[in-house]
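Work through these exercises with the model open beside you. Try each task before reading its solution.

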Amino acid sequence: MDVLKASPTIVHSPYIPTTTRNKTQFAKPIFHNLNLQLPCYTRNGSKSRLFTTLSSSPISTTESIEPPMPEVEAEVGKERFDWYSQWYPVMPVCDLDKRVPHGKKVLGLDLVVWWDKNENEWKVFDDTCPHRLAPLSEGRIDQWGRLQCVYHGWCFGGNGDCKIIPQAPVDGPPVHTFKKACVAVYPSVVQHDIVWVWPNADPQYRDIITKKKPPYIPVLDDPSFSKLMGNRDIPYGYEVLVENLMDPAHVPYAHYGLMRTRTPTVKVDREGGRPLDMKVKKLDINGFLGKQDWGSSNFIAPCIFHAFADVEVDQENGSATSSEIVKAPPPNRRLSLIFMCVPVSPGNSRLIWTFPRNFGVWIDKIVPRWIFHIGQNLILDSDLYLLHVEERKIMEIGATNWQKACFVPTKSDALVVGFRRWFNKYAGGEIDWKGKYSGALPPSPPREQLMDRYWSHVVNCKSCNTAQKGLKALEVILQIMSVVLIGIVAVTKQNMISVVVKTTMVSMAIVCFAASKWLAYFIYKNFHYHDYNHAFV
């Protein structure tokens, strides 16, 4: 095995400054006010010889719909992307509870993430007890800080070694020290307040962090920036998730009414779609660099899409929208859009997002995360069903035939074409699942289950989970108050309270009951299921 570079991948951030506006507008969470028209730019440190320009242009339609050109393939034809020699983000630390183990899946691998209080660090194990293969994520962390399987009580230390087998006689052979009693440990590290995992538990990778680190994004370590994070499990695959985030042209349509977009000079429809001049300037095995007139972005293979957008900033409240580049803008206002796309299994992925900025930081300190997540989840829901169905149609034609089946004649599709070209060229148009899956997608569930927010986000988000429980408790309290007030009026003798008091109590009971019903609706729509019907938007 070739020795890997010890230095991390660094994304240098040429932050795009901002201008100010006088009007005040903060009716929606920050995410609503971001026009995610995202370009792309490349990963540092690449040694590939491939330097090409990709754009989807009406003048050169063949460029848009044909597969990678043979002469381009020949330059780096022997290079093959190794899915198991990369770092993958698992979960933001802010959404992990140190008191319990967490079951997660990455690249088809069942993992358990837990806090080892003896070593003061997060550990990532194979989510399988060596005894009878029960999931360790359903276990607990005992009083000695060991990970315990609750099926038969076997306990494991931070190095995967078995500490105790309760069923083994004390005076018998030390079977807990046998190699087969140990759990596989995956290399892991916390960077940017996210737990990362190296998906290979072979002992030769035990110290891989000294040779290769996760991609480093300086802005995420800058204390002057706010960087609230969110995560959600997505019911469509990694490649569809990545290309959707690279596609700005769908924003005015699929997310109509949810995200502000720039009004074009000539408006051809209600939504305000317009031509976008986008291109991929550099593409190699590590990802690619993209560019358009209002910013740049970088696809760092396989997970990170990092964009820098020019913004207009409402000076009074810090909200932002994408805008054209302006002359001599203030150099101190900066915004990044960072998406981390994790392959989970065929037809499933995980998205971790954060939008670091150095303006309006006070908003994030007083507004809880779950308020922002309501709007962010609605945006994800608004095209979720479209992409779920789209993925199945792509599977029918074959991922490597994507450019033959899809007609992409405009420059607005340049980054999507670039990603598909990278995916086909270096990954063979598929994720390496190590034979664990046949390649078939799981059956499509009912729409309400497909777009469920509770199991895909709420249970995995500490802020939303706490808010949902608190609002649910308030709903019950309002119902109890309504019943108690009506009960008091009913059992009190007529001459004991005045008509005014009685009327007031009845009115309060009605208000409490109505409030509980509204709250129940609010909880359901924002923490469980919120459909999005494009025909009536």
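**Exercise 1. Give the strand order of the open sheet of four strands, and find its edges.**

Solution. This is a predicted model.
- Step 1. The four strands run in the order β6-β7-β8-β9, and their pairing is antiparallel.
- Step 2. The edges are β6 (140-141) and β9 (162-164). Each has a single partner strand, so one side of each is left without a neighbour in the sheet.
- Step 3. Now take one pair. β6 meets strand β7 (residues 147-148) through two bridges, in the antiparallel sense. Within that pair, Ile 141 stands opposite Leu 147.

**Exercise 2. Do likewise for the open sheet of three strands.**

Solution.
- Step 1. The order is β2-β12-β11, with antiparallel pairing.
- Step 2. β2 (88-92) and β11 (188-191) are the edge strands, each pairing on one side only.
- Step 3. From one strand to the next, the twist averages 30 degrees.
- Step 4. β2 is joined to strand β12 (residues 194-197) by four bridges, and these two run antiparallel. Pro 92 is set opposite Ile 194 of β12.

**Exercise 3. Which residues of β16 are buried, and how does β16 pair with β15?**

Solution.
- Step 1. Strand β16 covers residues 295-300. Six of its six residues are buried, so β16 is largely enclosed by the rest of the structure.
- Step 2. Sort the side chains by direction. Gly 295, Ser 297 and Phe 299 point one way, while Ser 296, Asn 298 and Ile 300 point the other way. All are buried.
- Step 3. Strand β15 (residues 287-292) pairs with β16 over six bridges, in the antiparallel sense. Gln 292 stands opposite Gly 295.
- Step 4. Two residues lie between β15 and β16, and the two strands form a hairpin.

**Exercise 4. Describe the hairpin of β20 and β21, including its turn.**

Solution.
- Step 1. Strand β20 spans residues 336-345. It is largely enclosed by the rest of the structure, because 10 of the 10 residues are buried.
- Step 2. Its partner is strand β21 (residues 348-354), paired antiparallel over seven bridges. The bridge partner of Met 340 is Ile 352.
- Step 3. Two residues separate β20 from β21 in the hairpin. In the turn, Gly 347 has a positive phi of about 80 degrees.

**Exercise 5. Is helix α3 enclosed or open to the outside?**

Solution.
- Step 1. Helix α3 covers residues 238-245, and eight of the eight are buried. It is therefore largely enclosed by the rest of the structure.
- Step 2. Check the residue types. The buried residues of α3 include Glu 239, Glu 243 and Asn 244, as well as Tyr 238 and Leu 241.
- Step 3. Tyr 238 reappears in the largest nonpolar core, which has 77 residues. Tyr 238 is among the members that touch the most others, along with Trp 83, Phe 288, Phe 299, Leu 351, Phe 419 and Trp 422.
- Step 4. Helix α9 (residues 414-427) gives this core its largest share, seven residues.
- Step 5. A second, separate core has 15 residues, including Trp 114, Ile 141, Trp 154 and Ile 165.

**Exercise 6. How many disulfides are there, and why is Cys 129 in none?**

Solution.
- Step 1. A search of the whole structure finds zero disulfides.
- Step 2. The cut-off is 2.5 Å between cysteine sulfur atoms.
- Step 3. For Cys 129, the closest cysteine sulfur is that of Cys 149, 3.9 Å away, so it is too far for a bond. Cys 129 is buried, at 1% relative accessibility.
- Step 4. For Cys 341, the nearest cysteine sulfur belongs to Cys 303, 7.5 Å away. Cys 341 also counts as buried, at 1% relative accessibility.

**Exercise 7. What lines the second largest pocket and the second largest cavity?**

Solution.
- Step 1. The second largest pocket has a volume of about 630 Å³. It has 27 lining residues, and those closest to its centre are Asn 159, Val 185, Tyr 186, Pro 187 and Arg 206.
- Step 2. β5 (121-126), β10 (185-186) and β11 each give two or more residues to this pocket lining.
- Step 3. Turn to the cavities. There are three of 30 Å³ or more. The second largest holds about 130 Å³ of space.
- Step 4. This cavity is lined by 14 residues, with Leu 228, Phe 355, Arg 357, Phe 372 and Gln 376 nearest its centre.
- Step 5. β13 (229-234) and α6 (369-382) each give two or more residues to the lining of this cavity. The largest share, four residues, comes from α6.

How values were computed:
Residues numbered from 1 in each chain as written. Predicted model: local features only at pLDDT ≥ 70, side-chain atom pairs only at ≥ 80, totals over all residues. Heavy atoms only, no water. Core = buried A, V, L, I, M, F, W, Y, C linked by side-chain atoms within 4.5 Å. Buried < 20%, exposed > 50% of the residue type's maximum accessible area, 1.4 Å probe, protein only. Pairing = 2+ DSSP bridges. Axes fitted to C-alpha atoms, helices over the stretch in contact; angles between N-to-C directions. 1 Å grid on protein atoms, 1.4 Å probe; cavity = no way out; pocket = protein on both sides within 12 Å on 5 of 7 lines; lining within 4 Å. Points joined across faces, edges and corners; volume = space filled by probe spheres on them.
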